[in-house]
Amino acid sequence: MTHPKTPHVVDARYMEPPEPFVATMEMLDTLKEGEKMLLLLFREPHPLYKVLRQNGHDYEVEQVADGTFEILISR
Amino acid sequence: MQAVMAFENAPPFAAPLRFFLTAPLFAVLAGLLIAFEGPDLFASRWTPGALAATHLLTVCFMLQVMLGALIQIMPVFTGANLKRPLAVARIVHVGLSAGALLLASGFYSGIPGLLSSAALVLALTVLLFLAATVLALSGVPSTSPTIRGLKLALLGLAGVVGLGVLMALALAYGWALPLAALADLHAGWGLGGWAGVLLAAMAYVVVPMFQLTPGYPMRASWWFPVAMLGMLLLWSAAVLAEWPWLVRLSQFAAAVAGMAFAGLTLRLQAKRRRARADATYRYWQLGLSASIVALLMLASAALWPDAVGVEGWTLVFGVLLVAGGFLPFIAGMLYKIVPFLAWLHLQECGKAKVPAPAMNKLLPDVNTRRQMLAYAAALLLLLATVPFAGWLARPAGVVFAVANGWLWWNLASAIRRYRQAEIDISRKLAAK
């Protein structure tokens, strides 16, 4: 799956915990310097935000009309 | 890594567990009270037994679980960190249990000292909880409808407890207040502004997460809590101004908002990707259906006030909304939260070397489904008791007590298996 914001997308909207977290961390490991990935979820993953901040990743969050949170994470 | 991550954000298991394991016992007590009092309790919503049973369910059961769950999930759902969660949990648990028992016995006995003591203990307990949560949430921006909903629900909690304390003191000291109008408003703040808005704020996260449904549409999820609180403020102003037409208008609008939320949740559940219908899903279906019927009654009574004069109308409405709506939502959530937290803690104990047992090994589906059926039978009996109190009041009370005792047994058994698994994991780790 690709998205206008980035070709690297984890669509975790129908995944059970802890799959979204694991899939995000796995994709982050595959990104090159300067690349971004997008995580799609129906909630804000605050525990993941904390881990991202601890590991020095920037992220931006936008909620769209169907309730999806689009979380754009920088490598 | 997930377990480590979750633990950094979550308070100790003991913090919420005390609430979850005591709450069902109060519902058992409510059932026993109904069985003991029998048909007299159903004479009207104002009988001492009905007032005591109602508050055993709303304060001792609902408020217990809601505050316990909030202490646990606030960091995960909002990113806010509650300071000293275990200490807050201990004090709030003791205060709430003692205050609620004082309140129920005050209503039942009519002793003014019990009512005023209950008001003081509950006011101080809820103030402490509000102070701790407001402090934790200060500086947390409302980036999601869940965070905004939670903040507004705390306003609802302040509203329902403020009105409740005022009325308890008025009853204790004989103050001249319009108690009937205030009691309706108090119920509106409690079930709409606090429990309803909190339920919605939590549902935005847990319904898609646990039942694998689509998400709640953005616009509806942001506006529901605001609309509900707005209607309650309007209702309050109407009571102050003594404008009955505005009271009815705001009740009608609050009922429509509640039905829209329940209808939307049913629609999302119909699109779920999890094929298996577990007890949580069934409990939510029951709760949503009963709430919609109760809110239709509220909307009808707002349009045709004479409906309230129909014998048993208010009692059926109350049983449907509290025992049919909110209690099933809470029981359904307990069946997800307790095994999930136990599993999470066992993952941590295993240190990625010894796997934790699956959640359905900690709390088997068959046990929860049977208990849910017993609860549904108790609910039907309670509803049938309103027209046939002479025959059914005592059996309904007994079945309600048994169903809630079974809920407690299922949760306590899950904790017993969790403790055994904890010992097994420690032994296996030591042997490695």
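**Helix packing in chain B and its contact with chain A**

In this predicted model, one helix pair of chain B is picked out by its contacts: B:P145, B:R148, B:G149, B:L152, B:L155, B:G156 and B:G159 on helix 6 sit against B:S221, B:W222, B:P225, B:V226, B:L229 and B:L232 on helix 8. Sorted by class, the residues of this contact come out as eight nonpolar, four polar and one charged.

Two packed helices are described by the angle between their axes and the distance between the axes. Here helix 6 spans residues 145-173 of chain B and helix 8 spans residues 218-241, and the two pack at an angle of about 15° with their axes 8 Å apart. Angles under 35 degrees count as roughly parallel, so helix 6 and helix 8 of chain B run roughly parallel to each other. As for handedness, helix 6 of chain B goes past helix 8 of chain B in a left-handed crossing.

Chain B also touches chain A, with 22 residues of chain B in contact with 21 residues of chain A. On the chain B side, helix 1 (2-9), helix 3 (48-78), helix 7 (179-211) and helix 8 each put in at least two residues. Helix 1 of chain B gives the largest share of that side, five residues. By class, the side of chain B that touches chain A has twelve nonpolar, eight polar and two charged residues.

Over in chain A, an unreviewed UniProt entry annotates residues 10-75 as "domain: DUF2249". Across residues 10-75 of chain A, the chain is 32% helix and 29% strand, and the C-alpha atoms at the two ends lie 14 Å apart.

Conventions. Residues are numbered from 1 along each chain as its sequence is written. Chains are lettered from A and ligands numbered from 1 in the order in which they are written. This is a predicted model: local features need pLDDT of at least 70, side-chain atom pairs count only at pLDDT 80 or more; totals for chains, interfaces and linings use all residues. UniProt positions are given in the numbering used here, feature names are shortened, and annotations may be inferred rather than shown by experiment. Helices (H or I, at least four residues) and strands (E, at least two) are DSSP runs, numbered from the N terminus. Axes are lines fitted to C-alpha atoms, for helices over the stretch in contact, and angles run from 0 to 180 degrees between N-to-C directions. Angles under 35 degrees count as roughly parallel, over 145 as roughly antiparallel, 65 to 115 as roughly perpendicular and the rest as oblique. A crossing is left-handed if the near helix is turned anticlockwise from the far one by less than a right angle, and right-handed if clockwise. Two residues are in contact if their C-beta atoms, placed from the backbone, lie within 7 Å. Ala, Val, Leu, Ile, Met, Phe, Trp, Tyr, Cys and Pro count as nonpolar, Asp, Glu, Lys and Arg as charged, and the others, Gly among them, as polar.
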